[in-house]
Amino acid sequence: MAEKIKLSNVLASEQLLPHQARGVIEERLRSAILDGRLPPGTAVRQQELATLFGVSRMPVREALRQLEAQSLLKVEMHKGAVVAPLIGEDAVDTYALRVLLETEALRQSIPLLDASDIDNARGYIQQLENETRHAEIGRLNRLFHMSLYNKAPNKKLLRLIEDELNEEERFLRFHLSSMGLGKLTQDDHNALADAASDKLVDEAVAVLERHLNNASRVIRRYLDTQLGR
Ligand code: NI
């Protein structure tokens with residue numbers, strides 16, 4: 001069924017200037033994939049995009065390569081690029097890894113956080129309250145988490161976490177709809193900001209573990225039913 005969806009029904013045709021084409025095409029496709037207008041399995045053809053945006057195939061190819069690197073597209077034999085599944089078999093492993101990495105970063109970061117870091121974190125919670133666009137929710141969720149980790153002295157750890165969080169943005173749409181939520185609940189986020197503000201490291205770590213394990217459980221249940229386990 002997914003193969004029947006045509007790009008031209010989802011993306012508005014527009015005339016792009018050559019120098020902005022790659023970036024704009026990447027962004028248009030990225031939000032359409034993240035908010036579900038282009039479901040997994042949809043074929044993404046270079047020529048169709050080139051025609052839609054009035055550009056050559058070169059910037060289109062570059063945009064698709066970026067999206068492939070972000071695991072939003074995958075290349076299939078005889079089919080070319082298609083929208084990747086929202087949830088991979090390794091999603092549960094990803095969450096287990098996130099718990100390890102992020103609790104360590106939080107432990108390192110909390111003693112060094114100042115009032116402006118906490119203000120930033122609370123600002124993202126506020127914006128998440130009012131946001132309904134999935135792509136934007138994913139971005140704000142990532143910024144919220146990073147704002148509490150970013151004082152960790154181990155910068156390599158922070159880069160690994162940022163990669164995992166970028167990857168998580170594509171789970172988010174699935175996560176919200178499978179839990180019947182139009183938006184993220186902010187209870188965990190508020191508890192996390194409070195504990196970080198009070199420098200309660202163990203309490204903050206416990207909240208973060210619960211937050212990530214809940215998401216992981218939802219995904220495991222989904223994969224189990226999908227695979228009939
Ligand atoms: Ni979160």
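User: What percentage of the 229 residues in the protein do buried residues make up?
Analyst: The model is predicted, and the count takes in the 229 residues of the protein. A residue counts as buried when its relative accessible area is under 20%. On that basis, the buried share of the protein is 44%.

User: In what order do the elements of the protein run from the N terminus on?
Analyst: The protein contains 10 helices and 2 strands. Read from the N terminus on, these elements follow the order α-α-α-α-β-β-α-α-α-α-α-α.

User: Among contacts in the protein between residues at least 6 apart in sequence, what percentage join residues at least 24 apart?
Analyst: The contacts considered here are those between residues at least 6 apart in sequence. Among these contacts, the share that joins residues at least 24 apart is 74%.

User: In which helix is confidence lowest, and in which is confidence highest?
Analyst: The mean pLDDT of the protein is 87, and 90% of its residues reach 70 or more. Where pLDDT is low, the predicted coordinates should not be read in detail. Confidence is lowest, at a mean of 77, in helix H8 (residues 155-178), and highest, at 96, in H9.

User: Which residues are the protein donors of the nickel ion?
Analyst: The donor residues follow the spacing N-x3-H-x43-H-x21-H in sequence. Their donor atoms lie 2.2 to 2.4 Å from the nickel ion. The donors are Asn141 (OD1), His145 (NE2), His189 (NE2) and His211 (NE2).

User: Why is the arrangement of the 4 donor atoms around the nickel ion described as it is?
Analyst: Four donors count as tetrahedral if all angles lie between 85 and 135 degrees. The angles at the nickel ion run from 86 to 167°, which makes the arrangement of its 4 donor atoms irregular.

User: How many residues apart in sequence are the parts that asparagine 141 and histidine 189 tie together?
Analyst: Both asparagine 141 and histidine 189 are protein donors of the nickel ion. Asparagine 141 is buried, and histidine 189 is buried as well. Asparagine 141 belongs to helix H7 and histidine 189 to helix H9 (residues 187-197), so the pair ties together parts whose separation in sequence is 48 residues.

User: What distance does helix H7 reach from its first C-alpha to its last?
Analyst: Helix H7 covers residues 134-149 and has 16 residues. At 1.5 Å a residue, the expected reach is 22 Å. The model is close to that expectation, with a reach of 23 Å.

User: Is serine 147 buried or exposed?
Analyst: Serine 147 is placed in helix H7. Residues up to four places away in sequence aside, serine 147 touches Leu113, Asp117, Asn120, Ala121 and Tyr124. Its relative accessibility is 6%, and serine 147 therefore counts as buried.

User: Where do the buried residues of H6 lie around the axis?
Analyst: In H6, the buried residues are Asp117, Ile118, Ala121, Tyr124, Ile125 and Leu128. They cover an arc of only 120° around the axis, so they are on the same side of H6.

User: Which residues are exposed on the other side of H6?
Analyst: What covers the buried residues of H6 includes H7 and H9. On the other side of H6, the exposed residues are Ala115, Asp119 and Asn130.

User: What is the relative accessible area of histidine 78?
Analyst: Histidine 78 is placed in the loop between strand S1 (73-76) and strand S2 (80-83). Its phi is near 65°, a positive value in a residue other than glycine. Most residues other than glycine have a negative phi. Histidine 78 is exposed, and its relative accessible area is 81%.

User: What is the relative accessible area of lysine 199?
Analyst: The loop between H9 and helix H10 (201-226) holds lysine 199. Lysine 199 has a positive phi, near 60°, in a residue other than glycine. Lysine 199 is partly exposed, at a relative accessible area of 38%.

User: How far apart in space are valine 24 and proline 59, C-alpha to C-alpha?
Analyst: Valine 24 is placed in helix H2 (residues 18-34) and counts as buried at 18% relative accessibility. Valine 24 and proline 59 are 35 residues apart in sequence. In space, C-alpha to C-alpha, their separation is 9.8 Å.

Methods. Residues numbered from 1 in each chain as written. Predicted model: local features only at pLDDT ≥ 70, side-chain atom pairs only at ≥ 80, totals over all residues. Heavy atoms only, no water. Helix = DSSP H or I, 4+ residues; strand = E, 2+ residues; numbered from the N terminus. Expected span 1.5 Å × (residues − 1). Donors = N, O, S within 2.8 Å, 3.2 Å for Na, K, Ca; no water. Tetrahedral: all angles 85-135°; square planar, octahedral: opposite > 155°, others 65-115°. Buried < 20%, exposed > 50% of the residue type's maximum accessible area, 1.4 Å probe, protein only. Arc of directions from axis to C-beta. Contact = heavy atoms within 4.5 Å. pLDDT = per-residue confidence, 0-100.
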